[in-house]
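This briefing is meant to be read alongside the sequence and the coordinates. It moves from the whole chain to individual residues.

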Amino acid sequence: MDVSKLIEEGEKQAELVVNNSSSHLCHAISYMKNKERVKAFNVMYAVMRIVDDIADCKQISGKAATEEEVIIELNRWKEMVESAYKDVPIVSPLSLTFHEAIEKFPIPKRLWTNWFNSMERDIDNPYFRNFEEFKHYSLGAACVPTMIYLFLTLSIKVDGVYTLNDFDYETAGFDLGLWAHMIHILRDARIDIEKKLYYFPDEELHKYSLTRKSLDEFLNSKEINDNFAKFIEYYVEKANAYYQRSIVTLENYSKDIEKSRRFSLYIVIRIYKAIEKNILEMKRDLFSRTIWLSRSDQKAIASTLMEELGLQIT
């Protein structure tokens, strides 16, 4: 058995998943010069993308699956992650590549545990009674990926292992990830509700005399009422409180790191800020169109940030 060839194959598989993704994180990491960071991101993202698709779409290898089959498959991936942390990785390309990544970038295992907990909740097509329930779900679903991204971006290499001991990336990642997640579900409200996925907590909707039934009605009519327009403004403001809690400490810590790493960090934030702005400007269209940023808009954001950082624009 040639482990190095299996790892090489795992790297190719992970890179393919990343290249086929429209995620803003995948776009951002492509500017990173450090290959070890890129490879670690690729395999960690690939595991998350594959498992998230299984939980969300109820499909395995592109084929429809029963809830029982989905749970079995989810447990199989959980076992893969746990075996890597026990230093006895399953002999497969992605598993060995994942094991190599966590040896170089020792992400705490409890972060992956939180993430899998949220994936398990996805199987039941989640809805949330209150914001605390949503935050608990978001911790795994969105904040953990943000924490991992911060670790991969901000850590420094010491004796072959990347460490991040002087920055609370978990707290910053929670706040930044929760903000981005709230903006994300506003942007994707129409798509999610078509799938009967209701991410707005009931208590939050009730503040504006709204229910999940109201969301179904907006979907069918492709129009929203004044209450939902006000809810969107309220939800963006609520999300921004978490953004503000994280951005100052993040900016202070990252100001002296390599420019390409700063770019990979801030391009994601700039893109989500632009999406947030579009949501507020086009809130009446939330159920009649998908509020994406155009490719040219994203390129313009990237060019502006590169110019600010003194990077060569390509």
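How many positive and negative side chains does the chain have, and how far apart do the centres of the two sets lie? In this predicted model, the chain has 42 positive and 49 negative side chains, and the centres of these two sets lie 3 Å apart. The points below begin with the overall fold and then turn to the core and to single positions.

**Overall fold and dimensions**

- The chain contains 14 helices and four strands, and its C-alpha trace spans about 60 × 50 × 35 Å along the principal axes.
- A compact globule of 314 residues would be expected to have a radius of gyration near 20 Å, and the 20 Å of this chain agrees with that expectation.
- Of the contacts with a separation of 6 or more, 72% are made by residues that stand 24 or more positions apart in the chain.

**Surface and core**

- Buried residues account for 52% of the 314 residues, while the chain exposes about 15,100 Å², with carbon and sulfur atoms supplying 49% of that area.
- The largest nonpolar core has 110 residues, and those with the most contacts inside it are Trp-112 and Phe-228.
- In soluble globular proteins, nonpolar side chains tend to be buried together.
- When neighbours within four places in sequence are left aside, Phe-228 is in contact with Phe-200, Leu-210, Leu-215, Phe-218, Leu-286 and Phe-287.

**Two buried serines in helices**

- Ser-138 is found in helix H7, which covers residues 131-154, and it counts as buried because its relative accessible area of 0% is under the 20% limit.
- Apart from residues up to four places away in sequence, Ser-138 touches Cys-143, Leu-178 and His-181.
- Ser-246 has its place in helix H12, residues 226-254, and is likewise buried, with a relative accessible area of 1%.
- Not counting its neighbours within four places in sequence, Ser-246 is in contact with Ala-172, Asp-175 and Leu-176.
- Ser-246 and Thr-171 are 75 residues apart in sequence, and their C-alpha atoms are 7.8 Å apart in space.

**Loop residues with positive phi**

- Most residues other than glycine have a negative phi.
- Asp-159 has a phi near 55 degrees, a positive value in a residue other than glycine, and it lies in the loop between strand S3 (156-158) and strand S4 (161-163).
- Is Asp-159 buried or exposed? At 78% relative accessibility, Asp-159 counts as exposed, because this value is over the 50% limit.
- Lys-222 also has a positive phi, near 60 degrees, and is placed in the loop between helix H11 (212-221) and H12.
- With a relative accessible area of 48%, Lys-222 is classed as partly exposed, because that class covers values between the 20% and 50% limits.

**The segment after the last-numbered helix listed here**

- Gly-310 lies in the segment after helix H14, whose residues are 295-309, and at 54% relative accessibility it counts as exposed.
- Although Gly-310 and Lys-259 are 51 residues apart along the chain, their C-alpha atoms are separated by 8.1 Å.

How values were computed
Residues are numbered from 1 along each chain as its sequence is written. This is a predicted model: local features need pLDDT of at least 70, side-chain atom pairs count only at pLDDT 80 or more; totals for chains, interfaces and linings use all residues. Side-chain values use heavy atoms; hydrogens and water are left out. The radius of gyration is taken over C-alpha atoms; the globule rule is 2.2 Å times the number of residues to the power 0.38. Buried means under 20% relative accessible area, exposed over 50%, partly exposed in between (1.4 Å probe, protein chains only). Contact means heavy atoms within 4.5 Å. Accessible areas come from the Shrake-Rupley method with a 1.4 Å probe; for residues, only the protein chains shown count as cover. Lys and Arg count as positive and Asp and Glu as negative; His and the chain ends are not counted. The place of a charge is taken as NZ of Lys, CZ of Arg, CG of Asp or CD of Glu. A nonpolar core is a set of buried Ala, Val, Leu, Ile, Met, Phe, Trp, Tyr and Cys residues joined through side-chain atoms within 4.5 Å.
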